[in-house]
Amino acid sequence: MMREPHPHPDHLWRNPEPKRSYDVVIVGAGGHGLATAYYLAKNHGITNVAVLERGWLAGGNMARNTTVIRSNYLWDESAAIYEHSLKLWEHLSEELDYDILFSQRGVLALVHNQSGVREAHRRINANRLSGIDAEWLTPAEVKAFCPIVNISPDLRYPVMGGALQRRGGIAKHDYVAWAFARKADQMGVDLIQNCEVTGFELAGDRVVGVRTNRGSIAAGKVALCAAGHSTVLASMAGLDLPIQSHPLQALVSELLEPVLHCVVMSNAVHVYVSQAHKGELVMGSGMDPYNSYAQRGSPHVIEFQLAAACELFPIFSRAHVLRTWAGIVDISPDASPILGLTPIENLLVNCGWGTGGFKATPASGWVYAYTIARGEPHALNAPYTLERFSTGALIDEHGAAGVAH
Amino acid sequence: MLIPCPWCGEREDNEFTYGGPAQVAYPSDPEAADDASWARYVFFRANPKGKLAERWVHSAGCRRWFNVVRDTVTHQITPA
Ligand SMILES: Cc1cc2nc3c(=O)[nH]c(=O)nc-3n(C[C@H](O)[C@H](O)[C@H](O)COP(=O)(O)OP(=O)(O)OC[C@H]3O[C@@H](n4cnc5c(N)ncnc54)[C@H](O)[C@@H]3O)c2cc1C
Ligand SMILES: [Zn+2]
């Protein structure tokens, strides 16, 4: 019988001094950097690895996301990598021996107009062909699945149905990061906080190390995992990336009795919401339109999403907003990640997950570790090259994903 | 965030639509441009942590386009 995973371990990781040299240096201890370190050690036996983090471990977007997990993307390339991720999520608590509170409560994407209905059916069919669970709910079935949704025809944008992925859900983001960190640390990976990469050591076209505020560190390979700061880092190595950094905001209410048992998203009215395990409503919507590194956004973005939330869920109208915040997300031209080798030898890049990379954390780490270890991409990330912007082989998930998270 | 429209003065940012980084030149000899230079023109934009020259249009106002230089960390705007 399977042992129950650890509820909350006392010891998470050491805080070692950086060594002068590693086989692999990962830059950025968000979810993706930590998962990469874990799978490097676990799947490939590479443990002479450091994860360098300018702030504290998982204090970037990993600490700021709204934890929606699903795999019902439109295109084959996306369906393949996100579904691999979902399959990993389904066993992650046991694998990492830490209860990450993964809850497959269902992700329901509402539609409010005819084109939305057609688009949802197209996506449901595409998902099924990819072997991903997807079903269409009529407005009455929406109401039965999530009784607090307002399906009144009097709404300005009445609910015309929804696409449901029952295997989708949420997990506790901090625990996910800590669980990967703890296991990676146990296998010998050095997790080094307060260590900012400020430049690269180059020998011709080859990266041989990084410069940091704690001295230079030699590296066989350097793997960037810096989300919103990816272009800042890549430009230090003379590499341009087609990435723009934007604030993405989210908010929580005070703790409430359980009222919402699934994740509901609406792209047209533009809000998505779930209720976290502790009881707070967690909400988000679209990113702020302008480039920014400020980790704050404009208040009207919050106002719009709250208006949408109160229209769809009248019961929320007397809840209070407790906190709002923003993370800096790395937006790529086709809303798909860039994950793999670069023209600079021994420098690899993993970015462009934008507003939706939390759900990809395990798969991203899995394929990135493979690419680092083997020097060539895994089949799942082979389409996600930097070259696709020249060849035109884009993986255009704009709009295709229903909503961006 | 208040954005200074050169014609209407400072207004809330939700009156404006963002046009992204400015000063993106169309390839001077488009027939001769190869895939890599088209890729640069279409997909690659400046993304500095610091001062960025960018375009805005005052869509809920005078509907005119203009450039500003905004610091992407402080959001402080200086005229272009
Ligand atoms: C408000 C919000 C809501 C979101 N909601 C969802 C959602 O519901 N579902 C979903 O799937 N995704 C969601 N996302 C997206 C998701 O959070 C990101 O795609 C994902 O977290 C990015 O990967 P990461 O965890 O590795 O990034 P991060 O946690 O941002 O990690 C990058 C790390 O790199 C470090 N770093 C940067 N520069 C340097 C340097 N020079 N030296 C050393 N370290 C450096 C940073 O400090 C940071 O810790 C959301 C994001 C935000 C902001
Ligand atoms: Zn104006």
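Residues are classed here as buried under 20% relative accessible area, as exposed over 50% and as partly exposed in between, with a 1.4 Å probe and the protein chains only. The structure is a predicted model, in which local features need pLDDT of at least 70 and side-chain atom pairs count only at pLDDT 80 or more, while totals for chains, interfaces and linings use all residues. Residues are numbered from 1 along each chain as its sequence is written, chains are lettered from A and ligands numbered from 1 in the order in which they are written, and side-chain values use heavy atoms, with hydrogens and water left out.

In chain B, C5(B) and H58(B) are both buried. These residues belong to the zinc site: the zinc ion (ligand 2) is coordinated by the SG atoms of C5(B), C8(B) and C62(B) and by ND1 of H58(B), at 2.0 to 2.3 Å. Donors are N, O and S atoms within 2.8 Å of the metal (3.2 Å for Na, K and Ca); water is not among the atoms, so sites may look incomplete. The arrangement is tetrahedral because the 4 donor atoms subtend angles of 104 to 121°, four donors counting as tetrahedral if all angles lie between 85 and 135 degrees. Along the sequence, the donor residues follow the spacing C-x2-C-x49-H-x3-C. Distant parts of the chain are thereby linked, with C5(B) in strand β1 (residues 2-5) and H58(B), 53 residues apart from it, in the loop between β4 (51-57) and β5 (65-71). Helices (H or I, at least four residues) and strands (E, at least two) are DSSP runs, numbered from the N terminus.

Over all chains, the structure holds 17 salt bridges, each defined as a side-chain nitrogen of Lys or Arg within 4 Å of a carboxyl oxygen of Asp or Glu. One of them pairs R214(A) with E17(A), whose closest N and O atoms are 3.3 Å apart. R214(A) lies in the loop between β10 (206-212) and β11 (215-224) and E17(A) in the segment before β1 (21-27) of chain A, so the pair ties together parts that are 197 residues apart in sequence. R214(A) is partly exposed, at 27% relative accessible area, whereas E17(A) is exposed, at 59%.

A salt bridge also joins E135(A) and R166(A), with the closest N and O atoms 2.8 Å apart. E135(A) is in strand β5 (residues 135-137) and R166(A) in the loop between β6 (161-165) and β7 (169-170) of chain A, 31 residues apart. Both count as partly exposed, with values of 23% for E135(A) and 41% for R166(A). In addition, a network of salt bridges links E83(A), K87(A), E90(A), D133(A) and R167(A).

Ligand 1 is surrounded by 38 residues, of which E53(A), N61(A), M62(A), T66(A) and K359(A) come nearest; a residue is near if one of its heavy atoms lies within 4 Å. Oxygen atoms of ligand 1 lie 2.8 Å from a backbone N or O atom of N61(A), 2.9 Å from one of V68(A) and 3.0 Å from a polar backbone atom of G356(A). Taken alone, ligand 1 exposes 1,000 Å², and the protein buries 96% of that area, as computed by the Shrake-Rupley method with a 1.4 Å probe. The elements of chain A that give two or more residues to this shell are α1 (31-44), α2, β12 (244-255) and β16 (321-331).

Key: Tetrahedral: all angles 85-135°; square planar, octahedral: opposite > 155°, others 65-115°. Polar contact = N/O pair within 3.5 Å; in protein donor to acceptor, adjacent residues only side chain to side chain.
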